[in-house]
Amino acid sequence: MRSDIDLAQDAASGQEAAFEALVRRYQGNVRGLTRRLARHAAEADDIAQAAFLTAWRKIGSYRGGSFKSWLCTIAYREFLQARRKQRPEVEFKESAHILAFDTSAARMAEHMDLDRALKTLPENQRICVVLCVASGLSHSEAATATGFPLGTVKSHVNRGVAALRKQLAAEDVA
Amino acid sequence: MPTDENYHDLTALFEAQDEALQSDVFVEHVMQPVRKHSRWRAPLLFGAGGLGVGAALSQMGGLFEAVNVRAASLSQSIEQVRATPLDSFATEPLWLGAILVVIVSCVAIVATERA
């Protein structure tokens, strides 16, 4: 399997096939990230698509390191831009859970538990958990992406993780 | 304080969700505008460049004639400019101006391409 940096270099020289390989490799991560942040799945996929198109335009500026983190940072910025264009944030509806394509009942229930638990977190905490725990950004990468101080990111992640575990444990018992 | 390493279990759950989101339809949605953009970009750039080169070449004959006609007065003007004390720019102001224009143009092109 070709490395991200090789594919990115080929994509930067205009090879669409190389970029398509990167889209296939990371579509799940980017769509997962945007679905955890946005209110609706359709809106999240629009943001994910915009993120990939921005990545295509800026692929020449990728200088190595984790391609996933680079891409997720772009996706997070696209989410912020999309949110600025919308009316003020409203609370998530309980019915707006992420429904994955995996239809196995146990898996679905697990995913819904995770989504439900995630959506109970305060927004900044949720953002930090999504970026660091779900998307694999380091604390310092998340601090750069969000503009939060490093200590704040660590604190949000630790509290968010603790809250998620508590929620998931409570749902397991119930 | 705990480190990044203490939530592998949750990361695994999120990764399982992400795996379930693989979709050829989504990839096609992303790649359609990419292909469209690529299809037009090269012909547009090369076309515009070719037109520019063509226009420049077509003017070369006229330029040589004009230079020949005005060579004497041009030399005189250049000599006058050189003779005028203009601090550090007194040596080659025309060249400095031309270089500045080229640099600004290059920077503008690079900035536009990266934007």
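Q: What share of the 174 residues in chain A is buried, and how do you know that a residue counts as buried?
A: In this predicted model, buried residues make up 41% of the 174 residues in chain A. A residue is placed in that class because 20 or more other C-beta atoms lie within 10 Å of its own. Under that cut-off, buried residues account for 9% of the 115 residues in chain B.

Q: What makes up chain A and chain B in terms of helices and strands?
A: Chain A has eight helices and zero strands, and its elements run α-α-α-α-α-α-α-α from the N terminus on. Chain B has three helices and zero strands, following the pattern α-α-α along its sequence. Within chain A, among contacts between residues at least 6 apart in sequence, 60% join residues at least 24 apart.

Q: What makes a group of residues in this model a nonpolar core, and which members touch the most others in the largest one?
A: The name applies because the members are buried nonpolar residues joined through C-beta atoms within 7 Å. The largest such core has 52 residues, of which A:Val30, A:Ala51, A:Leu71, A:Ala75, A:Val129, A:Leu131 and A:Val133 touch the most other members. The largest share of this core, eight residues, comes from H6(A). Leaving aside neighbours within four places in sequence, A:Leu131 is in contact with A:Cys72, A:Tyr76, A:Leu137, A:Ala142 and A:Ala145.

Q: Why are H2(A) and H3(A) called oblique to each other?
A: The axes of these helices come within 9 Å and cross at roughly 140°. Roughly antiparallel would need an angle over 145 degrees, and roughly perpendicular one from 65 to 115, so H2(A) and H3(A) are oblique to each other. Their crossing is right-handed. On the H2(A) side the contact is made by A:Phe19, A:Val23, A:Val30, A:Arg31, A:Thr34 and A:Arg35, while the residues from H3(A) include A:Ala44, A:Ile47, A:Ala51, A:Phe52 and A:Trp56. By class, the residues of this contact divide into ten nonpolar, one polar and three charged.

Q: Why is H2(A) described as roughly perpendicular to H1(B)?
A: The axes of H2(A) and H1(B), the helix of residues 8-19 in chain B, come within 8 Å and cross at roughly 110°. Angles of 65 to 115 degrees count as roughly perpendicular, and H2(A) is therefore roughly perpendicular to H1(B). The crossing of H2(A) and H1(B) is right-handed. Here A:Gly28, A:Asn29 and A:Gly32 in H2(A) meet B:Phe14, B:Gln17, B:Asp18 and B:Glu19 in H1(B).

Q: What makes the contact of H2(A) with H1(B) one with four polar residues?
A: By class, this contact has one nonpolar, four polar and two charged residues. Gly counts as polar in this scheme, so glycines enter that polar class, and A:Gly28 and A:Gly32 are among the residues that meet H1(B).

Q: How many residues does each chain bring to the contact between chain A and chain B, and which helix of chain A supplies the largest share?
A: The contact takes 34 residues from chain A and 25 residues from chain B. On the side of chain A that touches chain B, helices H2 (16-37), H3 (41-58), H5 (105-119), H6 (123-134) and H8 (150-173) each supply at least two residues. The largest share of that side, ten residues, comes from H2(A). By class, the side of chain A that touches chain B has 14 nonpolar, twelve polar and eight charged residues.

Definitions and conventions
Residues are numbered from 1 along each chain as its sequence is written. Chains are lettered from A and ligands numbered from 1 in the order in which they are written. This is a predicted model: local features need pLDDT of at least 70, side-chain atom pairs count only at pLDDT 80 or more; totals for chains, interfaces and linings use all residues. Two residues are in contact if their C-beta atoms, placed from the backbone, lie within 7 Å. Helices (H or I, at least four residues) and strands (E, at least two) are DSSP runs, numbered from the N terminus. A residue is buried if 20 or more other C-beta atoms lie within 10 Å of its own, exposed if 12 or fewer, and partly exposed in between; C-beta atoms are placed from the backbone. Axes are lines fitted to C-alpha atoms, for helices over the stretch in contact, and angles run from 0 to 180 degrees between N-to-C directions. Angles under 35 degrees count as roughly parallel, over 145 as roughly antiparallel, 65 to 115 as roughly perpendicular and the rest as oblique. A crossing is left-handed if the near helix is turned anticlockwise from the far one by less than a right angle, and right-handed if clockwise.
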